[in-house]
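Student: Could you take me on a close look at one part of this model, the largest cavity and what surrounds it? I'd like one connected answer, please.

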Amino acid sequence: MKKEIRNGFLTIALLISLTTVAVAGEVDLQSIFPPSTARLLLAQENEIACTMQFDPVCGVDGQTYSNECVAGAAGMEIANAGICADEGASGCPELFDPVCGEDGNTYINDCFAGKSQVSVAGLGACTANGCPSYLDPVCGMNGRTFVNRCEAEADRILVQRKGACDVDNCPQVFSPVCGEDGVTYDNACFGEKAGITNFTEGLCNVRSCPRIFVPVCGIDGMTYGNACFSERRGISIEYAGVCESLGENCPSDYLPVCGMDHETYDNECQLDNARVQKLYAGACAGS
C-alpha cells in the first residue's frame, strides 16, 4: 500500500477535527398514539425530535399528524387544526402496527404507507435517522456493532461483515468510547469485551471529537477513526486511510462473500482484511 500523503484527503481528515455533529433523540411513538386516536400518520426526520404532545393537525395531503412539529418534520403544510374530516374514507385499518417508509417517515401501518405511495423499508418505527428498527446486526470498521446496515450507513461507517463484532478479534482501530465505568476503550468492541453494556462515543472527560469515520494512520502504526482522535493522543498522521496492518482501504461495494468462518463479508477486500479464506461467493447460507 502506498504511504504517500494525499493532500486532498489529509486536508479533509484534518478539517473534521473542527466539525461538530448533532444527533437527534429518538421519539417515543407509541406514547403519542393512544388507542382512541389510532388513525394517524406519524413522521420523523433527521435532527428533529418532536414532543409527545397529542394535538392533531390535518396536512394538505389529507393525512392527520399527531402535532404540528410532526407535520413539519414530514415537510407537510398544515391545512387545519384537528383530525382530517375525510380520514375515515381511507379504507385503512386502525391497527397500530408501525412501519418505516423509504422516505424515512413512520406510518401507523403498511396500508397508510401504501396510501401515501411510499414503499416500506422495514417493520417497526423509523429511528431518529430514518432507518428501520429491525434487528439485523452488522460489524462496522470502527469496531462497533450496528443494529442493521442502514444504521451503519447513516453514520457513514463501512461495514466489515454481517453479524455482531467478534470481541475475541477486535479491530486495532482507535475510535474511542467511554464506558459506564469511566474508562476509555479503544473502540466499542473492546468495551463489550470488558463487559461494558452502556457507553458513549468519544474519550472520557475530554472534549469530544466528531463521530464521522475518516480513518488516518498515525506514526505509531495505529489506525485512528479520524484526525481529531490522533490529535487528542498527540500522534502525528503518517498518511490518510487505515494502516497497512489492517489491510486495504476497502470500497463500500456490497458484493458479499462467505468466509471459512461461515460469516458473510461485504466484499472480498473486507474478507482479506479479516484474514479469512473465502468459502464461496455470495452470502453464507442462512444469512
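Tutor: Counting along the chain, you get 7 helices and 19 strands; these are DSSP runs numbered from the N terminus, H or I of at least four residues for a helix and E of at least two for a strand. Keep in mind that this is a predicted model, where local features need pLDDT of at least 70 and side-chain atom pairs count only at pLDDT 80 or more, while totals for chains, interfaces and linings use all residues. Residues are numbered from 1 along each chain as its sequence is written, and side-chain values use heavy atoms, with hydrogens and water left out.

A word on confidence before we zoom in. pLDDT is the predictor's confidence in each residue, from 0 to 100; its mean for the chain is 75, with 77% of the residues reaching 70 or more. Strand β12 (residues 184-185) has the highest confidence at 94, and helix α1 (residues 7-15) the lowest, at a mean of 39. Residues 1-47 have pLDDT below 50, yet this stretch makes 110 contacts in the model beyond near neighbours in sequence; a contact means heavy atoms within 4.5 Å. Where pLDDT is low, the predicted coordinates should not be read in detail.

Now the cavity. The structure holds 1 cavity of 30 Å³ or more, and the largest cavity has about 40 Å³ of space. Here a cavity is a set of points, on a 1 Å grid over the protein atoms alone, where a 1.4 Å probe fits but cannot get out, and lining residues have an atom within 4 Å of a point. Points are joined across faces, edges and corners, and the volume is the space filled by probe spheres set on them. The lining is made of Asn142, Arg144, Asp155, Ile157, Glu201 and Arg211. By class, that lining splits into 4 charged, 1 polar and 1 nonpolar. The classes go like this: Ala, Val, Leu, Ile, Met, Phe, Trp, Tyr, Cys and Pro are nonpolar, Asp, Glu, Lys and Arg are charged, and the others, Gly among them, are polar.

Ile157 lines the cavity and also belongs to the largest nonpolar core, which has 10 residues, including Val138, Phe146, Ala152, Phe213 and Val242. Such a core is a set of buried Ala, Val, Leu, Ile, Met, Phe, Trp, Tyr and Cys residues joined through side-chain atoms within 4.5 Å; buried means under 20% relative accessible area, exposed over 50%, and partly exposed in between, with a 1.4 Å probe and protein chains only. Apart from that core lies another, of 9 residues, Val216, Ala227, Cys228 and Phe229 among them. In soluble globular proteins, nonpolar side chains tend to be buried together.

Phe146 is a good place to tie things up. Leaving aside neighbours within four places in sequence, Phe146 is in contact with the cavity-lining pair Asp155 and Ile157, and also with Pro137, Val138, Gly140, Glu151 and Ala152. Glu151 sits in helix α4 and is buried because its relative accessible area is 15%. With the same near neighbours set aside, Glu151 is in contact with Thr127, Asn129 and Cys131 as well as Phe146. Its C-alpha is 9.4 Å from that of Pro137, 14 residues away along the chain.

Between lining residues Asp155 and Ile157 you'll find Arg156, in the loop between α4 (149-154) and β9 (159-162). Arg156 isn't a glycine, but has a positive phi of about 60 degrees. Its relative accessible area is 62%, so Arg156 counts as exposed.

Asn205 gives you another positive phi in a residue other than glycine, near 55 degrees. Asn205 lies in the loop between β13 (199-201) and β14 (216-218), and is exposed because its relative accessibility is 82%.

Follow that loop into β14 and you meet Cys217, which is buried because its relative accessibility is 3%. Val242, a member of the largest core, is 25 residues from Cys217 in sequence and 5.5 Å away in space, C-alpha to C-alpha. Beyond residues up to four places away, Cys217 touches Met222, Ile237, Glu238, Tyr239, Gly241, Val242 and Cys243.

Notes: On a 1 Å grid over the protein atoms alone, a cavity is a set of points where a 1.4 Å probe fits but cannot get out, and a pocket is an open set with protein on both sides within 12 Å along at least five of seven lines; lining residues have an atom within 4 Å of a point.
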